[in-house]
Each structure stands twice: as C-alpha cells, then as structure tokens.
Amino acid sequence: MINKSLKQLGEMLQTKQISSVELTQTYLDRIAQLNPEMNAFITVDPDKSLAQAKQADAMIATGKTTALTGIPIAQKDIFVAQGWRTTCASKMLENFIGPYDATVIQQFNQAGAVNLGKTNMDEFAMGSSNETSYFGKVQNPWDRSRVPGGSSGGSAAAVAARLCAAATGTDTGGSIRQPASLCGLSGLKPTYGLASRYGMIAFASSLDQAGPMARSCEDMALMMNVMVGYDERDSTSLNHPKEDYTRELGKPLNGLKIGLPKEYFSEGLDNNVATIVQAAIDEYRKLGAEIVDISLPNTRLSIPVYYVLAPAEASSNLSRYDGVRYGHRAKQYGDLMDMYCKTRAEGFGAEVKRRILIGTYVLSAGYYDAYYLQAQKIRRLIAQDFENAFKQCDVIMGPTAPSTAFKIGEKADDPISMYLQDIYTIAVNLAGLPGMSVPAGFSNNLPVGLQIIGNYFDEARMLNVGHAYQQVTDWHNRMPEGIA
Amino acid sequence: MEWEVVIGLETHVQLQTQSKIFSGASTAFGAEPNTQACVVSLAMPGVLPVLNKQAVQCAIRFGLAIDAEIANRSVFARKNYFYPDLPKGYQISQYELPVVGKGHINIQVGSGEQAYEKNIRITRAHLEEDAGKSVHGAQQGMSGIDLNRAGTPLLEIVTEPDMRSAAEAVAYAKKLHELVQWIGICDGNMQEGSFRCDVNVSVRRKGEEKLGTRREIKNLNSFKFMQQAIEYETRWQIETLEDGGKIQQATVLFNPDTGETRAMRSKEEANDYRYFPDPDLLPLAISADDIDAVKQHMPELPEAMKQRFQSQYALPDYDANMLTSSRAVADYFVAVVAAGADAKLASNWVMGNVAAKLNLEEKSIAASPINPTQLAELIKRIQDGTISNNAAKQVFEAMWNGEGEVDSIIEAKGLKQVSDSGAIEAIVDEVLAANDAMIQEYKSGKDKAFNALVGQVMKASKGKANPAQVNEILKKKLS
C-alpha cells in the first residue's frame with residue numbers, strides 16, 4: 001500500500017478497494033510509530049484528518065471526485081490552515097492556530113485530499129538541514145544520523161519514510177530540491193507566480209514558491225494540477241491558463257537538447273555526485289537526447305546576491321512578529337521597546353536573527369545602494385544567463401546539491417558551508433525559473449539528486465523529462481531500510 | 001533686517017473608497033474597535049496585499065485636477081518601523097516613484113483690496129495606507145490597539161516650500177480641502193481625520209536664498225489651529241534666532257490649549273525607514289486609457305466652472321469666484337438658475353441672504369431649508385414684479401422658517417406688489433401733499449430729498465408699491 005503511486009491509490013479509492021479513512025489511518029499509524037524519532041511532523045491531528053477522510057469517502061460515494069480525492073497529503077508547516085496549529089517551526093508561532101486557509105491548502109481541500117498533518121521545517125524556512133527548527137531536528141530516513149536537508153526537511157523525510165502519500169514544500173533558494181535530493185525524492189519548484197503565495201508564511205517574497213514533493217514525476221504532475229493556478233489574492237500570482245501537467249507524460253525525448261553548465265561541474269562538487277549525475281546524463285543520451293555544453297557565467301554570484309536579497313525581504317516580512325497581536329510575547333518586560341526586544345530575542349532562533357540582522361543592514365541608509373541595489377542588478381544578469389542558455393537547449397541539467405546528506409550537527413555552526421548547499425539551486429529562484437530534482441542514484445547508500453531546470457512555464461515538459469528517466473531507472477522506487 | 005517665513009505642506013487625504021487600499025475590509029468610520037480588521041488588516045502570517053483600483057482612480061483624479069504628470073509606472077515601497085498600531089511593522093507607501101508628479105494649485109489669499117492670487121507648486125502625491133490607532137487607558141494600565149483604520153487609503157500631497165505666511169498656508173489648505181471634496185475623492189471630514197496637514201516651517205532673512213532649518217508641525221486637523229500653530233512657530237523661530245540660538249530640525253506638535261508648539265523628536269532620533277520596493281506588489285502601471293476612463297467621469301473643475309459662469313451668465317469675477325469656492329455652493333447655484341431664476345439675481349441671493357443665514361445657523365448649503373427650486377420660485381416672483389426686493393426678504397425669512405411655499409406666503413402676508421399706476425399715483429399725491437418742505441429741497445437741487453420721498457411713498461404703500469413705478473411717477477409729478 002505505502003509504495004503505491006498517487007494514481008494507483010486514486011484507482012483503489014475510486015473502486016472502493018480501500019476507503020480514505022482506512023488509508024489515512026494507515027499513515028497515521030505509521031506516523032505514530034516512526035515520527036517520535038524521525039520528527040518529520042510538528043503537528044498531527046488524527047481527528048481532523050479522519051474527518052476529512054470521511055468527507056472524501058462521501059465524495060467518492062457520490063462519484064464527485066478528483067485525482068487526489070481521499071489521498072493523505074502532508075503539508076509543510078509554512079501553510080496557514082484554518083483550525084490547525086501553524087508554527088513555521090518557530091517558537092514565535094508555537095501556539096498559533098491558523099485563522100484561515102492558505103490558497104494551496106484550500107485547493108487541496110477542494111480536491112478532496114486529506115490533510116495528514118503539518119511537517120517540520122527550518123524555522124521560517126531559513127536553513128538547509130532542518131536543524132534550525134524550534135521543534136527539533138529531523139532524521140534522514142536513509143541514515144538516521146544525517147540531516148534530511150532543508151528547509152522542507154520534514155516533508156522530505158515524511159515522503160521518503162512513507163509517512164504520507166506525498167507532501168508540499170516551499171522553495172526560496174532550494175528548499176524543495178535540496179531535501180528531495182538528500183532524501184531520494186522528486187521535488188519541483190514551479191515558475192515563480194504559478195502557485196499562490198497567499199497563506200504561505202513569507203520568508204523572501206520575491207523568491208518563495210510552493211511545489212510538490214513526491215516519489216515520482218507522475219505523482220508530482222497530479223499534485224501540480226491541484227496546487228497551481230491564478231489567485232487574485234496574490235498580486236504576484238501569474239494569470240496563466242490552467243494546464244494539465246500530466247499531458248506530456250510518455251512522450252519520447254528524441255531531439256531533446258540538454259544543456260550542461262560547466263559552472264555546475266566544477267570545484268566544490270563531490271566526485272561521487274559528479275559521477276552519478278554524469279551517468280544520468282548518459283541515460284538521457286540513450287533516450288535520444290542531445291547534450292550541449294553551456295555556460296552560466298554569473299553562477300558564482302548567486303549565493304552573495306541571494307544572501308543580500310532574501311534577508312532584506314525577510315527582515316521586513318518578519319517585522320509583524322512583534323508580540324502585539326498574536327504569537328509569542330515575553331512574559332516580563334518594561335516599556336514598549338523592551339517588550340519588542342525581549343519578545344523577538346526569545347521568539348526567534350539564531351539563524352532567523354542572523355538573517356534579520358543581515359537584511360536590516362543591507363537596507364540601511366548608506367548601504368542600500370552598495371548591497372541591495374547592486375544585488376538587484378546582478379539578479380538581472382543571472383536571469384539573463386539563463387535566457388541566453390535557453391537559446392541553445394530545452395532543459396538544463398546538473399547536480400541538485402554539491403554532496404549527499406551530511407551528519408546532523410556537521411555544518412550547524414558553519415553558516416557559510418551550510419549556505420553553499422544551495423549553490424546549484426539558488427540561481428533558479430533568482431531567475432524565477434522552474435527547477436526540479438529527481439533521484440539519480442546512490443553514493444555510499446545515500447541518495448543523489450539530478451537537477452532539471454526548465455524555461456518559464458515548461459513544467460509539463462520537465463515532468464515528462466523526469467518521468468522518462470523514471471521509466472528506465474528505479475532509483476525513485478528504492479525504499480530506505482527500517483521503515484517497513 | 002526683516003524676516004521671511006517659508007512654508008511647505010504635506011497633507012494626508014483619506015480617500016473615499018468602499019474598502020481598504022490593500023484588502024476588502026470596510027473603511028467606514030466609527031465602528032466598534034477591530035470589527036473592520038480582516039486578516040490582512042491584522043497582518044496575520046501569510047496574508048498579502050492586493051491594490052484597490054478605486055484608490056488608484058482617486059489618485060488619477062487628483063492628478064488631473066492639479067494638471068500634474070501621472071506616472072505610467074509607479075512603485076509601492078515598504079517604510080519599515082515598529083509601532084503597535086502598525087501591524088506589519090512596515091507601512092506600504094510610495095517612495096522613489098510616486099503615482100502623481102509635479103502639478104500646481106492656484107490660491108486666493110486675503111479679501112478686498114489686499115486680495116491676491118498665488119500659484120502653489122505641488123511636488124508630488126503618492127498613495128499609502130493609514131495606520132491603526134492606539135487607545136490609551138482603554139483598560140486600566142494598558143493601551144489598546146484599534147486596527148479599523150489600518151489600511152485605509154491615503155493620498156499624501158506634498159507642496160514645494162512656496163508659502164510665505166500663515167494666511168497663504170491656510171488659503172492653500174482650504175483650497176485643497178475644497179478641491180478634494182469637489183472631485184469626490186475625500187469627504188473632507190477633519191474631525192474624523194479625513195484631512196490632516198503636516199506643516200514645514202522655517203524662517204530666513206528677507207532676500208536670503210538659502211532655506212533656514214525647518215521644523216515640521218505634525219497632524220493639524222483644523223484651519224484655525226494651523227493658523228495659530230504657524231504664527232506661534234514663526235515667532236518662536238525668529239525669537240530663537242534673534243537671541244543667538246539655532247534651530248534644530250525637529251518634528252513638533254501643536255497644543256491647542258496652550259497655543260504652543262513643542263518638539264516631539266529631533267532629527268538625531270529619527271528613524272532609518274529602510275525603504276525598499278514591496279516585493280508583494282507589482283509596479284503600478286497606468287495607461288493613457290486608464291487616465292481617459294477617469295477623465296470621462298471628472299466633474300467640471302472649479303477654475304473651468306468659474307470661467308463658464310463669467311461667460312455664460314455674464315457674472316462678475318467676484319461672483320464667479322465665490323460661487324465656485326465650493327462644489328455644494330456651485331451645484332446649488334446651478335440648480336437655482338436651471339429652475340428658471342435670473343443668474344445675477346440667483347448669485348446675489350446665494351452669496352447674500354442664503355450664505356448669511358447658513359453662516360448664522362452654522363449649516364452647510366446641503367442642509368439649507370430652502371432648496372434651489374424654492375429659491376428660484378422666489379426669484380421669479382421678483383423678476384415678474386409680483387413682489388419687491390424688500391418683500392422678497394420677508395418671504396425668504398418665512399420660507400426659511402418653514403411657513404410654506406412662495407405664493408402662499410405672499411398671499412398670506414399680503415405682500416403682492418401694487419403695480420396699478422392709478423393706485424400708486426394716489427399714494428404719491430398724498431405724500432406730496434404732506435411733504436412740501438421736501439419738495440422744496442428737491443427743487444433746490446438736493447437729490448437726497450427725492451430718495452426720501454420715494455421712501456415715504458413706499459412706506460405709505462406698506463412696501464407693496466412697485467419701486468420702479470414709484471420712481472417714474474414721482475419724477476413726472478415733480479418735473
């Protein structure tokens with residue numbers, strides 16, 4: 001059961017071989033068994049999930065269903081869900097109950113999917129290891145002493161350990177793709193503006209994007225059909241016509257031009273990872289694709305640019321957590337300023353504070369031009385790199401992350417080394433392009449991800465490119481030990 | 001050496017929209033605290049702003065009214081600071097690229113012989129959201145926050161430092177206050193905070209080019225206070241400088257009880273607002289079509305209406321000016337003329353008796369007990385000779401007091417004018433017979449005596465004789 005695809009589960013539900021309540025209970029039991037150690041979920045609420053499952057069963061009984069009706073999906077705890085505790089993995093929102101539904105949550109609800117619980121993450125999505133969570137670190141199901149990646153580490157661990165059928169993630173600089181790579185999953189960050197940001201707690205507004213995390217590209221296509229769509233409540237949402245993201249699945253890849261950026265295969269890349277990615281490219285050659293060497297010359301600037309822009313936006317986005325209206329407020333304080341200072345000192349973790357400080361600094365009078373404006377200019381150059389590259393190829397491929405999953409605690413005190421985890425993923429966010437990671441093999445029993453970058457709105461083609469590979473490989477079907 | 005005061009204004013005009021500038025919450029004034037605070041107003045995690053198109057149309061209207069450049073691309077920026085009534089920790093405003101650029105407003109200052117006109121340059125006008133309100137002492141020992149007002153759309157209108165006296169500043173503020181109501185973008189209610197002025201004041205020696213250091217008087221919500229505050233501030237600055245002191249750039253508040261201004265914070269304590277473009281909102285694009293669409297619904301502007309009144313109704317400059325000083329007065333006047341009244345008579349009545357009565361009773365013209373049609377009926381009775389001007393005043397009084405319609409009052413009070421020349425002649429003869437002395441005076445060249453005789457005839461007719469006829473008959477008899 002737990003290894004069935006979304007499509008198979010859908011068929012079983014529709015033909016009443018299993019009820020949504022039974023399926024939901026199966027996953028709830030697995031969570032009860034595995035989550036105490038793995039810590040992939042921050043909040044599980046069996047009553048709520050089972051109530052939704054009952055509704056789904058009623059929908060199925062009347063025949064009014066969608067592809068996801070009755071299927072239990074885990075939601076990253078960054079999405080506000082009405083009546084659900086929504087923490088963003090921060091002490092600041094430890095007891096915050098969602099007063100409304102995020103658009104993404106609403107879309108899954110309308111599709112009849114079951115909200116299985118809220119998954120762990122780096123605090124306010126700031127991190128690449130899930131170690132900044134106020135609710136504790138998450139274990140990588142492939143090696144419990146290692147991190148699952150981040151910030152969507154809880155979703156990644158939950159999907160890999162079969163604690164849910166699929167999950168949502170969000171990706172500001174690699175937060176879907178890097179954990180997907182480290183946990184052996186498929187993860188897709190769509191074109192910026194395709195999925196609504198309404199109700200998705202903001203980290204860096206111009207970069208944040210929601211996307212699916214699942215075991216296969218086919219599963220992701222079904223998720224995309226639900227998650228994506230214009231939302232008038234999000235001014236940056238794109239008024240792009242609805243697409244069927246499954247429509248390209250199965251098309252041959254003959255003549256597909258794959259660009260390999262030389263900057264993605266240089267210094268800093270683990271040798272084993274490089275070999276595995278090359279092997280995946282060879283597989284594509286066999287599938288009829290043509291390989292083109294390209295260059296993304298400003299790649300090395302993407303990390304410094306990102307660490308100016310993302311903290312700048314974050315420093316402002318996180319100002320609302322002031323202890324006045326909701327969330328944590330210090331118990332003891334003197335005047336108003338003291339209340340602010342103590343509340344925020346207590347409510348935010350070290351990484352969040354670091355980014356607020358960086359962001360405040362780069363926006364300050366006298367520094368704004370040198371940092372923020374300069375970074376915006378380079379951001380345009382980085383987007384231009386991709387624009388030029390897509391004149392030569394249809395998709396770009398390379399590693400998702402420079403290494404496999406690292407040990408818990410290994411990089412926790414070294415922010416720069418942690419930031420380098422996102423060296424291959426960040427530029428995609430800066431350009432607003434869609435990016436995806438698919439499992440491409442194992443190095444020392446740890447999963448390695450292949451990154452596939454597409455042009456704007458090219459998700460359907462990218463999903464087929466991933467799907468074609470998953471038809472001739474079985475990396476995505478491997479299961480970690482000790483979770484059966 | 002003489003001193004010169006230099007004044008510039010920043011005015012926050014609350015726009016008359018149904019909902020807030022970035023959410024669907026209502027903007028109605030006076031609701032129970034926080035009942036008009038939706039999840040966006042409360043800055044709940046995850047919420048996003050969506051720009052209210054009506055607010056943009058208001059800004060375009062204003063731009064057209066002051067003959068300004070309207071930016072085809074403007075940008076919303078975040079102004080970051082912490083305050084309990086600012087729920088997001090930043091205010092969405094416009095900084096580098098405002099929606100309305102340079103424009104101008106013509107003001108009339110003073111009255112009578114000293115009256116003069118002046119052109120005040122508008123630097124810019126930009127859209128922004130209002131903050132909520134702190135309510136101190138709502139509960140014992142605690143402050144409350146009311147976020148009903150948070151997110152209410154404002155247009156901030158900034159002038160060049162073009163004003164040189166409190167009178168000019170007040171004339172500008174009044175003109176702006178009238179204009180924003182005229183074009184229907186603001187209700188003008190100053191008590192409720194719909195129109196608030198910050199006044200920048202500095203002084204310099206006359207002839208000096210360089211501006212002095214300014215102090216900003218915040219949040220003036222009455223013209224009287226504005227006048228007092230500027231006068232006090234000007235005196236204070238001059239005295240400080242004459243005593244050898246220096247002016248520190250500062251924000252000051254006016255205390256109406258003491259009539260004094262006092263510094264709130266100095267520039268050293270000023271915030272670094274860390275403005276940057278709001279990534280949640282796309283740049284605001286305004287096309288020529290958008291502007292045309294607003295133009296089609298623009299009311300005739302005061303200046304154009306004034307010129308039309310002069311050419312169409314042959315009204316003197318003074319009348320045209322007064323009648324277009326407010327939209328309500330202009331509308332009233334136009335309605336009186338439309339109902340058949342002579343334009344000049346209508347103008348006299350609107351500016352004269354109607355205005356005086358309204359002033360006395362502190363009423364707006366919209367609340368006048370005599371509507372334009374009724375006033376027109378009254379004026380028509382003067383035009384057709386039914387009643388004299390004097391009688392008309394009595395009828396007006398009676399109508400004001402709700403005693404009925406024009407004709408029934410004329411009837412009831414017996415005010416109908418006597419235009420029967422035989423009857424008037426009889427009265428004239430009576431008066432002449434009894435006033436020989438006056439006749440002699442008149443004949444010896446004293447014109448005053450003639451007027452006295454007219455007065456006597458009018459009196460004898462109880463005011464009902466047609467004055468023109470009285471004049472004519474008297475002249476004939478005395479010649």
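Is Glu168(B) buried or exposed? Select Glu168(B) and you will find it buried, with a relative accessible area of 5%; here buried means under 20% relative accessible area, exposed over 50%, and partly exposed in between (1.4 Å probe, protein chains only).

Before we move on, a word on the model. This is a predicted model, in which local features need pLDDT of at least 70, side-chain atom pairs count only at pLDDT 80 or more, and totals for chains, interfaces and linings use all residues. Residues are numbered from 1 along each chain as its sequence is written, chains are lettered from A and ligands numbered from 1 in the order in which they are written, and side-chain values use heavy atoms, with hydrogens and water left out.

**Stop 1: the partner of Glu168(B)**

Now add Lys118(B) to your selection. Its side chain meets that of Glu168(B) in a salt bridge, 2.8 Å from N to O; the term stands for a side-chain nitrogen of Lys or Arg within 4 Å of a carboxyl oxygen of Asp or Glu. Lys118(B) belongs to strand β6 (residues 116-129) of chain B and Glu168(B) to helix α2 of chain B, so the pair ties together parts that are 50 residues apart in sequence. Helices (H or I, at least four residues) and strands (E, at least two) are DSSP runs, numbered from the N terminus.

**Stop 2: along helix α2 of chain B**

Stay in helix α2 (residues 166-182) of chain B and pick His177(B). His177(B) is buried, at a relative accessible area of 13%. A polar atom of its side chain lies 2.7 Å from the backbone oxygen of Gly188(B). Show its surroundings next: not counting residues up to four places away in sequence, His177(B) touches Gly188(B), Met190(B), Phe195(B) and Phe223(B), where contact means heavy atoms within 4.5 Å.

**Stop 3: helix α11 of chain B**

Select residues 406-413 of chain B, which form helix α11; Val406(B), Ile409(B) and Ile410(B) are buried there. Look down the axis of α11(B): the buried residues fall within an arc of 100 degrees, so they line one face of the helix. That arc is taken from the directions from the helix axis to the C-beta atoms. What do the buried residues of α11(B) pack against? Colour α9 (372-383) and α10 (389-400) of chain B to see their packing partners. On the other side of α11(B), Glu411(B) and Ala412(B) are exposed. Just after the helix comes Gly414(B), with a positive phi near 60 degrees.

**Stop 4: where the chains meet**

Show both chains together. The contact takes 38 residues from chain A and 30 residues from chain B. About 2800 Å² is buried between them, 59% of it from carbon and sulfur atoms; buried area is the accessible area (1.4 Å probe) that two parts lose on being put together, summed over both. Highlight Ser235(A), Arg320(A) and Arg325(A), which supply 22% of the area that chain A buries against chain B, more than any other three residues.

How many salt bridges does the rule find across the interface of chain A and chain B? It finds 1, and you can see it by selecting Asp280(B) and Arg197(A), whose closest N and O atoms are 3.0 Å apart. Widen the selection to Asp234(A), Arg78(B) and Asp278(B), which are linked with Arg197(A) and Asp280(B) in a network of salt bridges.

**Stop 5: inside chain A**

Hide chain B and go to Arg177(A), in helix α6 (residues 177-183) of chain A. Arg177(A) is buried, at 0% relative accessibility. Leaving aside neighbours within four places in sequence, its contacts include Asp171(A), Lys189(A), Thr400(A), Asn429(A) and Gln451(A).

Next, select Glu351(A) and Arg355(A), a salt bridge with its closest N and O atoms 2.8 Å apart. The two sit 4 residues apart in helix α11 of chain A, so about one helical turn separates them. Both Glu351(A) and Arg355(A) are buried.

For a contrast, finish at Lys48(A) and Asp45(A), a salt bridge with its closest N and O atoms 3.2 Å apart. Here Lys48(A) is partly exposed at 29% relative accessibility, and Asp45(A) is partly exposed at 21%. If you want to keep exploring, a search of the whole structure finds 45 salt bridges over all chains.

Terms used
Polar contact = N/O pair within 3.5 Å; in protein donor to acceptor, adjacent residues only side chain to side chain.
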